[in-house]
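Subject: Structure handover

Hello,

Here is the structure for you to look through. My notes follow below it.

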Amino acid sequence: MRFAKIGYLVLGLGLLGLVLYETDLAEAWGRIRQVGWGFALIFLIYFVAFLFDVGAWRMTLTRPPGDGPWFYRLWKLRMVGEAFNSITPLATMGGEPVKAVLLKKLYGVPYREGAASLVLTKTTILLALVVFLSGGFFVMMGFATLPHSFKLAAGAGLFAISLGILLFYLVQHRRITTQTLRRLLRGRLAQRLEGALHHVQDFDGRLVRFYTGDRRRFAGAFLLALASWFVSVLELYVAMALLGHPVTFGEALVIETVAELVRAGAFFIPGRIGAQEGGFMVVCAAVTGSPTLGLTVALVRRIREIVWIVWGLALGWAALPGLRLGGEAAVAVPAEDYRDRAGPDPR
């Protein structure tokens with residue numbers, strides 16, 4: 001596994017080197033300097049998108065984490081978790097356990113509820129991504145300047161990603177995990193692992209109840225996640241204008257769609273190094289005729305990502321004293337307050 005990670009990192013660095021070799025670095029640097037204080041506007045727009053994602057996460061929790069400024073708490077925990085998601089090669093899942101631990105240690109949210117909310121949030125965001133990518137692909141089909149092979153590749157990528165996400169959703173909605181374990185665990189083995197199977201059944205029940213019994217919350221989380229994806233298009237639209245090459249919102253949607261397809265397909269590369277830059281370069285060359293502009297946009301987004309990662313890690317470091325105290329000093333919230341319809345938390 002370690003060698004595989006190193007190999008993926010080397011692959012990403014190789015792609016990045018190829019992208020840098022094929023573009024005019026002096027022009028790219030000049031365009032980045034042209035943005036200037038415009039970075040503040042880019043950060044602000046992404047901050048709004050981030051808040052939409054926080055709202056979607058809140059929809060999946062049965063209760064807020066304690067009294068008072070719960071939105072701020074969830075924002076802070078998401079900042080920390082997403083920082084770990086960005087620096088670990090685990091398909092944007094490396095920070096999810098961190099969020100669950102912080103919810104439990106700092107605010108008394110049981111692991112089972114916290115984990116369920118994180119799975120629900122991730123699924124909702126991915127389902128919204130399918131709708132977003134489908135809309136972008138529909139707009140892309142109307143671009144006569146894009147070659148047929150380009151559209152065909154985008155369509156194939158959209159199909160593969162959508163299929164994977166829908167299967168992930170169906171596994172939860174149809175309790176496939178529980179059904180599979182029931183068939184595999186029989187006889188004495190089933191008796192020994194009955195407790196573990198009960199936990200899995202309870203976890204699946206929480207997911208199914210959200211999708212079927214809490215449809216308003218599900219719809220709210222979905223709409224907030226979808227809004228977040230479209231705000232990312234606005235971020236790109238503004239960035240292109242600040243770089244001196246304005247595009248239409250439709251063109252920005254197509255560029256963002258391809259960029260997200262590439263990011264999803266390159267999940268195994270740490271930080272999508274090289275893949276993200278290459279994706280922007282290719283699609284910007286096809287849409288605007290300037291591959292250097294694509295690299296510049298990718299670098300602008302990298303700068304924003306680095307700022308967010310450093311910010312998130314700093315918030316995580318600040319939370320360490322509370323973790324060392326077991327969380328009691330952070331927020332005095334009785335764990336019993338977080339027991340919900342699924343029954344008591346078996347801690």
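Is Glu305 buried or exposed? Glu305 is buried, at a relative accessible area of 16%. Buried here means under 20% relative accessible area, exposed means over 50%, and partly exposed lies in between (1.4 Å probe, protein chains only).

Some ground rules before the rest. This is a predicted model, in which local features need pLDDT of at least 70 and side-chain atom pairs count only at pLDDT 80 or more, while totals for chains, interfaces and linings use all residues. Residues are numbered from 1 along each chain as its sequence is written, and side-chain values use heavy atoms, with hydrogens and water left out.

**Overall layout**

The chain has 14 helices and zero strands. Helices (H or I, at least four residues) and strands (E, at least two) are DSSP runs, numbered from the N terminus. Of the 347 residues in the chain, 47% are buried.

**Salt bridges**

Side chains of opposite charge can pair when their charged atoms come close. The cut-off for a salt bridge is a side-chain nitrogen of Lys or Arg within 4 Å of a carboxyl oxygen of Asp or Glu. The structure holds 13 of these.

Glu305 takes part in one of them. Its partner is Arg302, with the closest N and O atoms 3.1 Å apart. Both residues sit in helix H14, three residues apart, which is about one turn of the helix. Arg302 has 13% relative accessibility, so Arg302 also counts as buried.

Another salt bridge joins Glu256 and Arg301, at 3.0 Å between the closest N and O atoms. This pair links distant parts of the chain: Glu256 is in helix H12, Arg301 is in helix H14 (residues 291–324), and their positions lie 45 residues apart in the numbering. Glu256 is buried, with a relative accessible area of 0%. Arg301 is buried too, at 7%.

Asp53 and Arg78 also meet through their side chains, at 3.3 Å from N to O. They too link distant parts of the chain, 25 residues apart, with Asp53 in helix H3 (residues 38–60) and Arg78 in helix H4 (residues 70–87). Asp53 counts as buried because its relative accessibility is 11%. Arg78 counts as buried because its value is 7%. Both residues belong to a network of salt bridges that links Asp53, Arg78, Glu82, Glu96 and Lys99.

**The second largest pocket**

Rolling a probe the size of a water molecule over the atoms shows where empty space is left. A pocket is an open set of points on a 1 Å grid over the protein atoms alone, where a 1.4 Å probe fits, with protein on both sides within 12 Å along at least five of seven lines; lining residues have an atom within 4 Å of a point. A volume is the space filled by probe spheres set on the points, which are joined across faces, edges and corners.

The second largest pocket has a volume of about 300 Å³. It is lined by 13 residues, and the closest to its centre are Ala153, Ala154, Val258, Leu261 and Val262. Helices H7 (148–173), H12 (249–265) and H13 (275–288) each supply at least two residues of the lining. H7 gives the largest share, five residues.

What kinds of residue make up this lining? Nine are nonpolar, four are polar and none is charged. For that count, Ala, Val, Leu, Ile, Met, Phe, Trp, Tyr, Cys and Pro are nonpolar, Asp, Glu, Lys and Arg are charged, and the others, Gly among them, are polar.

**Contacts across the sequence**

Thr124 lies in helix H6 (residues 111–141). Thr124 is buried, with a relative accessible area of 1%. Thr124 and Ala221 are 97 residues apart in sequence, yet 6.7 Å apart in space, C-alpha to C-alpha.

Arg304 is in helix H14. At 6% relative accessibility, Arg304 counts as buried. Its C-alpha atom is 9.7 Å from that of Ala40, and the two are 264 residues apart along the chain.

Leu51 is in helix H3. With 27% relative accessibility, Leu51 counts as partly exposed. The C-alpha atoms of Leu51 and Leu74 are separated by 9.7 Å, with their positions 23 residues apart along the chain.

Best wishes
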